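Work through the three exercises below with the sequence and the structure in view. Try each task before reading its solution.

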Amino acid sequence: MDLTHTFLNIVVPPTALFTLLCFFPPYLFFKFLLCTIKSVFSENVAGKVVLITGASSAIGEQLAYEYAKRGANLALVARREKSIHEVADRARDLGSPDVTVICADVSKAEDCKRIVDETMHHFGRLDHLVNNAGINAISMFEECTDVNNFRPVMDVNFWGAVNTTHLAVPHLKESKGKIAVLASAGGWLPVPRMSFYNSSKAAVINFFEALKMELSPDIGVTIVTPGFIESEMTTGKFLTREGKMEVDQELRDLQISAFPVEQARDCAKAIVSSVCRGDNYVTQPSWFRVLYYWQVFFPEVLQWCFHFMYVTKPGSQREALSKRIVDFTGAKYFLYPSSIQSSEIKQE
């Protein structure tokens, strides 16, 4: 057995590298050709039923509007009753023939069942499931008072998507439908202070990559990995180490620094277009994909950069370099959308 592994250790790396170099150019050509064909024959969602979780604000809200413009029927899910009804009214104005609202919390398994049941009772079918609901958490691990305070991150981001998907799969098989799941670039690009959030999104990516193979060709799966997008998260809303949801724009500035934040409207348009084309992955803004390749080929370089930018010594009164950069340059005033300049968020 040891000889086998010794032989493989010698032979496999150069063979794999040579194969990769030969395979990569035709693969890129095939991807380009396939993308062109999919763009021409993109799915028409007019009259189809789309279920969106976390639809009361940000990307979820804009996804509802984008699907509405394309004539889809909508089942919109959120915890905030007033906000979700306002989104539903706007979606009707934009062209959605029928919109139903479901007030629910995806972190609760019984609510996930009710979401799917009410959608099927109202429409009798389901064509697209968009798992968008999510929350953020920011804290240095050593500063956590109780790691159990961060359980809601996994309950909402991972189990909320898993439970809803599990119940929706039989209906999606009948319609040859699609699943879109909002993960995060943080799932493959770990950043200090976001270990719990990044872990939940990494779990989402890996779960739905496996599910993609299991459900193909009956159900298409699109994994979305957004970078910094206009949302309540980039407004500064996150779960604290005490387990409370708060808005802290100073900490937000530290985490985003001088990275530009894309508008939710543009992100939603790209997501819906990708889902209708049947893309496997979509990253917005698209330039964020470059960071993925750096993470794959030069992980130590990114780790050093992020440590240098974001980490300060315990007990140090000195601000992280990322915060000093955004304060000195005033970058947030021209790189962040005006909607996240204020700390106000939807409450109801």
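**Exercise 1: the sheet**

Task: state in what order the strands of the open sheet lie, and which strands are at its edges.

Solution. In this predicted model, seven strands form an open sheet in the order β3-β2-β1-β4-β5-β6-β9, and their pairing is parallel. The edge strands are β3 (99-103) and β9 (281-282), since each of them pairs on one side only. Within the sheet, strand β5 (residues 178-182) is joined to strand β6 (residues 220-224) by five bridges in the parallel sense, and Leu182 has Val224 of β6 standing opposite.

**Exercise 2: the cavity**

Task: find which residues line the largest cavity, and say how they divide by class.

Solution. A search of the whole structure gives one cavity of 30 Å³ or more, and the volume of the largest cavity is about 30 Å³. Its lining is made up of Thr53, Val106, Asn131, Ala133, Val156, Asn157, Gly160 and Ala161. Sorted by class, the lining has four nonpolar residues, four polar residues and no charged ones. Helix α5 (residues 151-175) supplies the largest share of this lining, with four residues.

**Exercise 3: Asn44**

Task: decide whether Asn44 is buried or exposed, and describe where it is found.

Solution. Asn44 belongs to the loop between α1 (2-40) and β1 (49-53). Its relative accessible area is 55%, and because exposed means over 50%, Asn44 counts as exposed. The side chain of Asn44 also reaches the backbone nitrogen of Ala46, at 3.1 Å, whereas the C-alpha atom of Glu300, 256 residues apart from Asn44 along the chain, is separated from that of Asn44 by 44 Å.

Technical notes
Residues numbered from 1 in each chain as written. Predicted model: local features only at pLDDT ≥ 70, side-chain atom pairs only at ≥ 80, totals over all residues. Heavy atoms only, no water. Helix = DSSP H or I, 4+ residues; strand = E, 2+ residues; numbered from the N terminus. Buried < 20%, exposed > 50% of the residue type's maximum accessible area, 1.4 Å probe, protein only. Polar contact = N/O pair within 3.5 Å; in protein donor to acceptor, adjacent residues only side chain to side chain. 1 Å grid on protein atoms, 1.4 Å probe; cavity = no way out; pocket = protein on both sides within 12 Å on 5 of 7 lines; lining within 4 Å. Points joined across faces, edges and corners; volume = space filled by probe spheres on them. Nonpolar A, V, L, I, M, F, W, Y, C, P; charged D, E, K, R; others polar. Pairing = 2+ DSSP bridges.
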